[in-house]
Amino acid sequence: MNRIATTFTALKAQNKKALIPFITAGDSDPSMTVPLMRELVKAGADIIELGVPFSDPMADGPTIQRSSERALKHHVGLRDVMDMVAEFRKTDINTPVVLMGYANPVEAMGQENFAAKAKECDVDGVLIVDYPPEECASWVKQLNRYEIDAIFLLSPTTPPKRMEQVAKMAQGYIYYVSLKGVTGASHLDLSEVSNMLTQLRSFISIPIGVGFGIRDGATAKAVSVLADAVVVGSRIIEEIEKSPKTEVLANVGNLLKSLRNAIDESHGSASCR
Amino acid sequence: MKAYDLPDKQGHFGPYGGVFVAETLISALDDLRVQYERYQNDEKFQAEFADELNHYVGRPSPIYHARRWSAHLGGAQILLKREDLNHTGAHKVNNTVGQALLARRMGKSRIIAETGAGQHGVASATVAARYGMECVVYMGAEDVKRQATNVYRMKLLGATVVPVESGSRTLKDALNEAMRDWVTNVENTFYIIGTVAGPHPYPMMVRDFQTVIGNEAKKQMQDEYGRQPDALIACVGGGSNAIGLFYPYINDENVRMIGVEAAGKGIETDQHAATLMKGRPGVLHGNRTYLIQDENGQIIETHSVSAGLDYPGVGPEHAWLKDIGRASYAAVTDDEALDAFHTLCRYEGIMPALESSHALAYAARHAQTLDKDKLLLVNLSGRGDKDMATVAEMSGIKL
């Protein structure tokens with residue numbers, strides 16, 4: 001079993017839900033990323049989604065776009081991001097790392113090169129926002145050759161027939177986009193999420209994570225009742241953005257702990273690891 | 001040779017094109033594709049489109065023989081397809097009329113558009129007013145400053161212009177922002193893309209609406225000259241005016257097709273927008289195509305004196321036509337384009353858009369190498385009134 005599956009199995013045994021924070025690699029400067037990843041794990045992250053900066057992040061809102069721009073000021077490229085994962089692995093061999101980003105940096109490196117290098121650096125899963133299943137049969141093959149999970153998005157606009165098709169290709173976990181919009185938006189409709197997840201479960205056996213629009217303990221808690229994992233991105237990046245450099249780690253750690261506690265509360269487990 | 005029949009069902013032109021978007025947009029694009037396939041061959045829709053082009057846009061646009069300029073150059077005869085005479089002053093409106101009619105059929109009450117120089121924004125605002133729809137235009141904050149007159153034109157037509165402050169604050173960022181709006185408001189909103197780029201079905205659909213240019217030209221050439229031109233020449237940013245002229249000729253192997261990109265300050269510098277000549281294939285804005293990018297796959301800012309050519313990508317069909325050798329692509333610098341702008345003003349009394357001036361500059365260069373009985377058909381894609389401030393500034397004149 002790979003790390004992602006192992007993580008979800010272990011959580012299930014403890015009746016807990018996964019907390020998946022997202023940060024952009026190289027934000028706000030490259031030396032911050034590995035310490036931040038370690039802090040996130042310490043504060044209760046089960047899986048880390050590490051964003052690959054891109055000049056044109058079409059599916060993201062202003063917060064994540066700004067984080068990309070800060071990283072790009074330091075010319076953080078895909079190779080640098082992979083090196084950060086390798087560095088992180090020196091002290092953490094258990095926490096799954098999922099790279100998340102856009103197609104063009106992968107295309108520039110070459111799909112096969114990318115998969116080989118990702119394996120070398122011990123990446124567990126990859127989600128490329130603008131590689132929908134229709135366009136990436138060869139891509140999934142490359143990833144699987146190197147035992148890396150191809151993670152896919154589903155959204156409120158995905159019709160049932162397509163859910164079934166995507167479910168056949170999806171590995172690791174499904175990332176369900178909770179709203180029609182970009183990352184960082186704030187109009188999460190819980191009853192709609194609940195309806196969609198019920199539908200999704202009839203097609204999908206792997207865990208389902210929900211992201212977009214989760215901004216505090218209350219929404220994290222409510223989502224964790226419905227889903228297997230809660231993904232938080234923009235809110236963490238806001239914390240990085242507004243904290244003085246010396247306080248970033250502590251502030252992000254505290255934020256994540258509060259989310260962890262909120263999620264665990266709803267499942268009768270008070271521990272915060 | 002097998003007749004050209006691209007794109008395939010999934011919108012691919014060889015390895016290019018396709019649908020590279022986030023999941024949230026897939027169903028909207030599917031819906032658009034299904035609806036467009038339905039109306040593509042629907043007689044009533046096509047009749048209404050043709051009627052609007054004739055009575056609202058003012059088509060057909062003539063082919064004009066630039067005799068005095070041709071004589072001055074001393075080579076091939078240069079013919080101009082006068083898209084500059086269309087309502088709103090450019091070829092852009094052919095496409096916005098088509099897409100607005102489709103939006104109405106699909107029951108969408110709101111249209112959005114991205115714009116660089118403002119020509120597509122104006123053409124979108126125009127049809128929104130014509131059909132009584134709400135219109136929001138995304139425009140890079142830099143471009144809003146550079147194109148104040150067009151911003152005001154759009155506002156006069158009732159559109160809301162949203163300055164985009166993210167990224168390089170130019171056309172590509174306006175496109176990103178329009179996509180984000182579409183993702184958020186997909187139920188009541190139709191996104192009118194202005195060029196033959198973006199995810200399928202846009203490159204095909206915009207091409208189809210623009211082929212009125214080439215279809216008319218083919219008939220006019222036969223009627224008025226008794227033969228087809230030796231070469232077609234058009235400028236290429238995204239490439240919609242070029243594909244509109246080229247496409248009906250694609251199976252006529254003896255008609256050369258030449259696309260002219262913006263070499264800016266020179267293709268040997270990093271200040272150009274010659275995507276096909278200097279870029280590498282990649283994925284941006286929903287399709288696979290040539291892109292101007294760095295070694296990490298980040299998109300690089302481009303430069304051209306002409307805002308309409310200042311784009312780091314290019315329509316996927318041009319990428320394919322280049323690879324298979326059916327079309328060839330050249331580049332013309334800011335200075336050469338400006339020179340052609342002035343020459344056409346003085347020799348023919350026609351003020352061309354700076355975009356079109358790139359095609360004219362190449363045509364002038366090429367004509368001089370050919371005999372006098374050769375015919376070059378240049379797409380004069382727009383008029384140059386919008387560029388007067390830029391030209392004056394470049395000539396050191398204060399208006």
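Is A:Tyr131 buried or exposed? Buried: its relative accessibility is 1%. Keep in mind that this is a predicted model.

Let me stay with that ring. A:Tyr131 pairs with A:Trp139. The centres are 5.2 Å apart, the planes 55 degrees, and the pair is tilted. A:Trp139 is buried too, at 2% relative accessible area. Ring pairs then tie both residues into a cluster with A:Phe114 and B:Phe20. Across all chains, the search gives 14 aromatic pairs.

Here is another of them, in chain B. B:Tyr39 and B:Phe45 have planes 35 degrees apart, so this pair is tilted, with 5.4 Å between ring centres. B:Tyr39 has 7% relative accessible area and counts as buried. B:Phe45 is buried at 0%.

Charges next. The charged end of B:Arg82 sits over the ring of B:Tyr64, 5.9 Å from the ring centre. B:Arg130 lies over the face of B:Tyr56, at 5.5 Å.

Now the cavities. There are five of 30 Å³ or more. The largest holds about 460 Å³. Its lining has 45 residues; among those nearest the centre are A:Asp60, A:Met100 and A:Phe212. By class, that is 25 nonpolar, 13 polar and seven charged. Helix H8 of chain B, residues 171-184, gives the most to this lining: three residues.

The second largest cavity has about 370 Å³. It is lined by 31 residues, with B:His91, B:Lys92, B:Gly308, B:Leu309 and B:Glu355 closest to the centre. This lining has ten nonpolar, 17 polar and four charged residues. H8 of chain B is one of the elements that supply at least two residues here. Helix H15 (354-367) of chain B is another.

Methods
Residues are numbered from 1 along each chain as its sequence is written. Chains are lettered from A and ligands numbered from 1 in the order in which they are written. This is a predicted model: local features need pLDDT of at least 70, side-chain atom pairs count only at pLDDT 80 or more; totals for chains, interfaces and linings use all residues. Side-chain values use heavy atoms; hydrogens and water are left out. On a 1 Å grid over the protein atoms alone, a cavity is a set of points where a 1.4 Å probe fits but cannot get out, and a pocket is an open set with protein on both sides within 12 Å along at least five of seven lines; lining residues have an atom within 4 Å of a point. Grid points are joined across faces, edges and corners, and a volume is the space filled by probe spheres set on the points. Helices (H or I, at least four residues) and strands (E, at least two) are DSSP runs, numbered from the N terminus. Ala, Val, Leu, Ile, Met, Phe, Trp, Tyr, Cys and Pro count as nonpolar, Asp, Glu, Lys and Arg as charged, and the others, Gly among them, as polar. Rings of Phe, Tyr and Trp (its six-membered ring) pair if their centres lie within 6.5 Å; planes under 30 degrees apart count as stacked, over 60 as edge-to-face and the rest as tilted. Buried means under 20% relative accessible area, exposed over 50%, partly exposed in between (1.4 Å probe, protein chains only). A charge sits over a ring if NZ of Lys or CZ of Arg is within 6 Å of the ring centre and within 35 degrees of the ring normal.
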